[in-house]
Number of protein chains: 2
Amino acid sequence: MTSKKVIELFYDVVSPYSWLGFEVMCRYRSVWNIELKLRPTFLGGIMHGAGNKPPGLVPNKFLYMTKDLKRLSEYFDVPLQSPTDPFEAMFQKGSLNAMRFVTAVQERQTGGDEQVERVSRELWRRIWSEDKDITEPASLSEAAMKAGLSDSEIKEVLKLSTSKEIKDKLKSATQKALDYGAFGFPLVVCHLDGKPEVFFGSDRFELMAHCIGEKWLGPQPGKPAARL
Amino acid sequence: MTSKKVIELFYDVVSPYSWLGFEVMCRYRSVWNIELKLRPTFLGGIMHGAGNKPPGLVPNKFLYMTKDLKRLSEYFDVPLQSPTDPFEAMFQKGSLNAMRFVTAVQERQTGGDEQVERVSRELWRRIWSEDKDITEPASLSEAAMKAGLSDSEIKEVLKLSTSKEIKDKLKSATQKALDYGAFGFPLVVCHLDGKPEVFFGSDRFELMAHCIGEKWLGPQPGKPAARL
């Protein structure tokens with residue numbers, strides 16, 4: 001048996017393409033011989049650090065993305081739905097508190113990324129499926145509750161999420177993504193023989209599989225019906 | 001037997017991702033039940049009309065694209081190689097003359113898109129494989145010669161390419177792409193029951209296959225070895 005290849009997934013719950021990438025990578029964790037490491041990061045810091053602009057500012061690109069996400073959501077079986085005002089949700093309200101919260105969940109969890117996975121998914125569900133807030137403490141608590149955290153755990157995570165330690169941890173994860181060449185999310189870094197192979201977006205899985213010597217079985221492995 | 005689905009491919013030979021999309025669509029012409037219509041278009045007009053900026057202006061994005069194209073070129077088996085100065089080649093020298101030339105080839109060819117396909121490929125090979133000019137009449141002639149056009153045909157096409165008729169035809173193809181929502185290339189428009197289904201880029205073939213009821217067999221259909 002060969003040792004598992006380490007794959008890091010840098011993401012922010014404010015990014016819908018990250019949700020697609022996240023679900024696909026979580027599904028392939030048990031299909032490919034990989035160890036998936038979730039890296040909650042802050043997209044705002046990436047855009048600023050890379051000098052990038054949101055793609056949605058170009059009207060035709062915005063219209064295309066809306067359509068593209070609708071089609072991909074169905075094909076990937078991820079219940080994505082655009083918020084009424086995506087610009088307000090993504091850029092005015094943003095995700096700094098949410099990603100600090102997720103970072104705090106990861107900091108205090110023990111034994112694997114199960115909690116951070118569930119909390120991230122619930123936050124995505126709020127902003128990118130149910131058009132709900134992800135900035136207020138009450139919103140974060142509700143997501144964590146749905147993810148199965150206890151009241152006392154949530155209280156602890158909320159407190160921890162405003163600490164310097166967590167702020168610095170999120171900053172450092174964001175810097176790490178920038179160092180890998182990030183200019184947006186999701187960013188998947190596959191470690192092959194000590195060399196990082198970097199993939200941006202949710203449309204390079206087939207190529208990624210080819211590079212790591214695995215087989216791409218579509219976004220819903222084990223569900224052939226969805227592939228026609 | 002069901003009637004063939006019409007698929008339009010809008011492209012510019014200055015765009016490397018268009019080359020990937022072009023070769024894949026040409027390969028699938030005999031695999032899927034489709035009628036492929038080549039639509040030579042001017043990328044400069046698309047960027048201007050859509051208010052879009054070249055992605056390579058963001059340094060991390062430029063570095064990623066260079067790496068991405070290298071990997072995809074191998075995986076797609078298209079001999080892509082970046083010119084020494086991609087910015088000069090793409091944006092200072094540009095492709096207006098080249099795309100007028102391709103438009104003229106299409107205008108005067110008879111019986112299918114064979115000539116326009118071969119000339120487009122030779123132009124891509126010049127700029128995106130051999131780091132050669134595609135702006136001068138001598139360059140265009142050389143490409144056309146390699147594509148199998150006779151001296152007299154080339155002379156005729158060169159003359160035709162500076163006519164108002166051809167300038168207008170290229171403008172109108174570019175406007176058509178904008179009307180379909182283009183903000184870059186390649187743009188693939190699949191006509192399904194009279195409704196256009198639009199795909200941008202060279203990374204939606206699997207989804208496209210799903211949408212048109214065909215099977216995606218990788219970028220090199222019939223060559224399973226390349227897919228691992």
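Which strands of chain B does helix H1 lie across? Helix H1 of chain B, residues 16-28, lies across S1 and S2 of chain B. Its direction runs at about 155° to S1(B). Keep in mind while you explore these views that the model is predicted.

**View 1. The sheet of chain B and the helices on it.** Here four strands form an open sheet in the order S2-S1-S3-S4 of chain B, and their pairing is mixed. Strand S2 (34-40) and strand S4 (195-200) of chain B stand at the edges with a single partner strand each, so one side of each has no neighbour in the sheet. From one strand to the next, the twist averages 20°. Look next for strand S1 (residues 5-11) and strand S3 (residues 187-192) of chain B, which pair in the antiparallel sense over four bridges. In this pairing Phe10(B) stands opposite Leu187(B), a residue of S3(B). Helix H10 of chain B, residues 205-212, packs on the sheet too, touching S1, S2, S3 and S4 of chain B. The direction of H10(B) makes about 10° with that of S3(B).

**View 2. The sheet of chain A.** Now turn to chain A, where an open sheet of four strands has the order S2-S1-S3-S4, again with mixed pairing. Which strands stand at the edges? They are strand S2 (34-40) and S4 of chain A; each has a single partner strand, so one side of each is left without a neighbour in the sheet. Neighbouring strands here are turned by 20° against each other on average, direction ignored.

**View 3. A parallel pair in chain A, with helices packed on it.** Strand S1 (residues 5-11) of chain A pairs with S2(A) in the parallel sense, over seven bridges. As a landmark, find Ile7(A), which stands opposite Leu36(A) in S2(A). Helix H1 of chain A, residues 16-28, lies across S1 and S2 of chain A and runs at about 155° to S1(A). H10(A) also packs on the sheet, where it touches S1, S2, strand S3 (187-192) and S4 of chain A. The direction of H10(A) makes about 10° with that of S3(A).

**View 4. A salt bridge between two strands of chain A.** Over all chains, the whole structure has 40 salt bridges. One to look for joins the side chains of Glu8(A) and Arg39(A), at 2.6 Å from N to O. This pair links distant parts of the chain: Glu8(A) sits in strand S1 of chain A and Arg39(A) in strand S2 of chain A, 31 residues apart.

**View 5. Where chain A meets chain B.** In this contact 38 residues come from chain A and 38 residues from chain B. Together the two chains bury about 3200 Å², with 51% of it on carbon and sulfur atoms. Which three residues supply more of the area that chain A buries against chain B than any other three? Tyr64(A), Glu206(A) and His210(A) do, with 20% of that area.

**View 6. Polar and charged links across the interface.** How many salt bridges are there between chain A and chain B? The count is eight. Arg204(A) forms a salt bridge with Asp203(B), and their closest N and O atoms are 3.0 Å apart. Across this interface 22 residue pairs are in polar contact. On the side of chain A that touches chain B, helix H3 (59-76), strand S4 (195-200) and helix H10 (205-212) each supply at least two residues. H3(A) gives the largest share, ten residues. By type, the residues of this side divide into 20 nonpolar, seven polar and eleven charged.

Key. Residues are numbered from 1 along each chain as its sequence is written. Chains are lettered from A and ligands numbered from 1 in the order in which they are written. This is a predicted model: local features need pLDDT of at least 70, side-chain atom pairs count only at pLDDT 80 or more; totals for chains, interfaces and linings use all residues. Side-chain values use heavy atoms; hydrogens and water are left out. Contact means heavy atoms within 4.5 Å. Buried area is the accessible area (1.4 Å probe) that two parts lose on being put together, summed over both. A salt bridge is a side-chain nitrogen of Lys or Arg within 4 Å of a carboxyl oxygen of Asp or Glu. A polar contact is a pair of N or O atoms within 3.5 Å; within protein, one must be able to donate a hydrogen and the other to accept it, and residues adjacent in sequence count only if both atoms are side-chain atoms. Ala, Val, Leu, Ile, Met, Phe, Trp, Tyr, Cys and Pro count as nonpolar, Asp, Glu, Lys and Arg as charged, and the others, Gly among them, as polar. Two strands pair if DSSP finds at least two bridges between them. Axes are lines fitted to C-alpha atoms, for helices over the stretch in contact, and angles run from 0 to 180 degrees between N-to-C directions.
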